Amino acid sequence: MSKPIPERAVELFMEGFNCSQAVFGAFAETVGMTEAQAVRLSAALGAGVARMRDVCGAVTGGMLAIGWKYGAEDGADQATKSACYARGQKICLSFQEKFGTLICRDLLKLKPLEGPSPIPTPRTAEFYQTRPCAQFVYEMARLVEEELKDEE
């Protein structure tokens, strides 16, 4: 891969992909998918899961990579489930420690809406200047990459 994964994640975000797509897409080669498959799989998880502003898309994208690498293939495999959850919790807690929350609306300091809207925020120069999402994408990709390297 030509670029470090966290940098590729930010690049994908800057190309217009949501946070989940940017993070998971950057791990496409690592998990044995094409980038197109990875961004499509993670598409509905952006903007806090389907633009509901709940768990940050960068976090869900990172957890997809962890699950793909370490997830149990047998529903009765409690040890593998626990080990996967432990890895995910380690990453989530590090992210939460750095940014204060895992929740999209809180990370972006958004006021609660009366109802969610499915319409994405237009990606303008102002959007990229005012939204801190690129730093969330970078940090989650870095944390996941670090976890994957620790295993090697």
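# A tour of helices H9, H1, H2 and H5

Begin by selecting Glu 147, which belongs to helix H9, the stretch covering residues 133-151. The model on display is a predicted one.

Is Glu 147 buried or exposed? Its relative accessibility is 6%, below the 20% cut-off, and Glu 147 therefore counts as buried. Next, display the side chain of Lys 90 together with that of Glu 147. The two side chains form a polar contact at 3.0 Å. To view the wider surroundings, add Ile 66, Tyr 70, Arg 87 and Ile 91; with Lys 90, these are the residues in contact with Glu 147 once its neighbours within four places in sequence are set aside.

Turn now to the pair formed by helix H1, residues 5-14, and helix H2, residues 19-26. Their axes come within 8 Å of each other and cross at roughly 145°. The crossing of H1 past H2 is right-handed. On the H1 side, select Ile 5, Arg 8, Ala 9, Leu 12 and Phe 13, which make the contact with Cys 19, Gln 21, Ala 22, Val 23, Gly 25 and Ala 26 of H2. Colouring this selection by class shows eight nonpolar, two polar and one charged residues.

Keep H2 in view and centre on Gln 21, a residue of that helix. Gln 21 has a relative accessible area of 11%, under the 20% limit, and is therefore buried. Which residues surround Gln 21, leaving aside its neighbours within four places in sequence? Selecting Leu 12, Ala 26, Val 39, Ser 42 and Ala 43 displays these contacts. Leu 12 and Ala 26 also appear among the residues listed for the contact between H1 and H2.

For the final stop, retain H2 and add helix H5, which spans residues 57-70. The axes of H2 and H5 lie 6 Å apart, and the helices pack at an angle of about 30°. Angles under 35 degrees count as roughly parallel, and H2 and H5 are therefore described as roughly parallel to each other. Their crossing is right-handed.

To inspect this second contact of H2, select Cys 19, Ser 20, Val 23 and Phe 24 in H2. These residues meet Gly 57, Ala 58, Thr 60, Gly 61, Gly 62, Leu 64 and Ala 65 in H5. Coloured by class, the contact of H2 with H5 comprises six nonpolar and five polar residues, with no charged residue. Cys 19 and Val 23 may be highlighted last: both take part in the contact with H5, and both are also listed in the contact with H1.

Methods: Residues are numbered from 1 along each chain as its sequence is written. This is a predicted model: local features need pLDDT of at least 70, side-chain atom pairs count only at pLDDT 80 or more; totals for chains, interfaces and linings use all residues. Side-chain values use heavy atoms; hydrogens and water are left out. Axes are lines fitted to C-alpha atoms, for helices over the stretch in contact, and angles run from 0 to 180 degrees between N-to-C directions. Helices (H or I, at least four residues) and strands (E, at least two) are DSSP runs, numbered from the N terminus. A crossing is left-handed if the near helix is turned anticlockwise from the far one by less than a right angle, and right-handed if clockwise. Contact means heavy atoms within 4.5 Å. Ala, Val, Leu, Ile, Met, Phe, Trp, Tyr, Cys and Pro count as nonpolar, Asp, Glu, Lys and Arg as charged, and the others, Gly among them, as polar. Buried means under 20% relative accessible area, exposed over 50%, partly exposed in between (1.4 Å probe, protein chains only). A polar contact is a pair of N or O atoms within 3.5 Å; within protein, one must be able to donate a hydrogen and the other to accept it, and residues adjacent in sequence count only if both atoms are side-chain atoms. Angles under 35 degrees count as roughly parallel, over 145 as roughly antiparallel, 65 to 115 as roughly perpendicular and the rest as oblique.
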